[in-house]
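Work through the exercises below with the structure open. Each task is followed by its solution in steps.

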Amino acid sequence: KYFGIAINHPYTKGMEKIDPAKLALYSGAPERKKNRDYFEERSVKGELLWVLLPYPCDAHAQEAGMDKFTYQELIEKALMLDTEDPSSEWRKIKVEQLRLVEKLNKINQIHVLGEDTDLWLSVKGRTWSPCAGEFNLPDGENFTGPIEDSANRYIRFSYPGIYEGRDIENIYLEFKYGKVVKSTATKGEAYLHEILKVDGADGVGE
């Protein structure tokens with residue numbers, strides 16, 4: 001078995017001057033998909049163990065509106081490193097996650113309602129998985145994938161979305177039968193449009 005540790009500490013906006021079409025081409029490159037598929041295949045088989053965690057760098061602290069030392073304290077608490085036994089704390093979270101998964105597995109439909117948001121998704125027959133620090137840190141999510149053609153209506157993301165080193169702000173997406181049919185952003189809209197051209201990027205995944 002192999003164990004990989006990925007420490008997330010990049011420049012958050014290091015690709016702002018790169019042509020959006022070139023970045024989208026890189027994102028959808030067949031070689032990258034091949035590598036991702038191989039990674040996921042080995043991970044599912046248990047041949048590859050991995051963990052992804054943040055590192056308190058200046059760039060991320062600035063994005064959070066904090067100095068690096070305050071941001072470091074935030075990360076330590078989020079990772080449970082401020083407790084006597086972090087592993088024990090994550091195991092406690094896993095117990096709660098399993099309880100929630102039992103309820104979520106009985107749900108057929110999800111309705112996300114909020115400001116500029118009215119999105120419907122079907123999760124009928126889908127299995128939810130608990131996450132409590134085995135792969136991503138910090139953690140605490142339960143996840144599944146919706147029925148591929150079930151996403152309908154619209155959603156807005158008011159927080160900035162930084163993807164592949166570029167900033168996209170105030171993203172608005174309209175869905176019809178699982179596909180994005182309209183997309184806008186107040187910043188990075190051209191890049192958003194290019195990304196949505198990548199095979200499979202206009203649907204809803206995890």
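**Exercise 1: the two sides of helix H5**

The face of H5 turned away from its buried side carries Arg91, Lys92, Val95, Glu102 and Lys103, which are exposed. The model is a predicted one.

Task: find which residues of H5 are buried, and what covers them.

Solution. Step 1: the buried residues in H5 are Trp90, Gln97, Val101 and Leu104. Step 2: these residues lie on the same side of H5, because they cover an arc of only 55 degrees around the axis. Step 3: their cover includes helix H4 (68-78), strand E5 (129-130) and strand E6 (142-143).

**Exercise 2: the length of H5**

Task: compare the expected span of helix H5 (residues 86-104) with the distance between its end C-alpha atoms.

Solution. Step 1: at 1.5 Å a residue, the 19 residues of H5 should span 27 Å. Step 2: the end C-alpha atoms are 26 Å apart, which agrees.

**Exercise 3: the largest nonpolar core**

Task: state how many residues the largest nonpolar core has and which have the most contacts inside it.

Solution. Step 1: this core has 17 residues, and Ile168, Leu173, Phe175 and Leu192 have the most contacts inside it. Step 2: at least two core residues each come from helix H1 (20-27), strand E4 (117-122), strand E10 (171-176) and helix H6 (189-195). Step 3: leaving aside residues up to four places away in sequence, Ile168 touches Pro160, Gly161, Ala185, Lys187, Gly188, Tyr191 and Leu192.

**Exercise 4: Asp37**

Task: decide whether Asp37 is buried, partly exposed or exposed.

Solution. Step 1: Asp37 is found in helix H2 (residues 30-45). Step 2: its relative accessibility is 35%, so Asp37 counts as partly exposed.

Terms used. Residues numbered from 1 in each chain as written. Predicted model: local features only at pLDDT ≥ 70, side-chain atom pairs only at ≥ 80, totals over all residues. Heavy atoms only, no water. Core = buried A, V, L, I, M, F, W, Y, C linked by side-chain atoms within 4.5 Å. Buried < 20%, exposed > 50% of the residue type's maximum accessible area, 1.4 Å probe, protein only. Helix = DSSP H or I, 4+ residues; strand = E, 2+ residues; numbered from the N terminus. Contact = heavy atoms within 4.5 Å. Expected span 1.5 Å × (residues − 1). Arc of directions from axis to C-beta.
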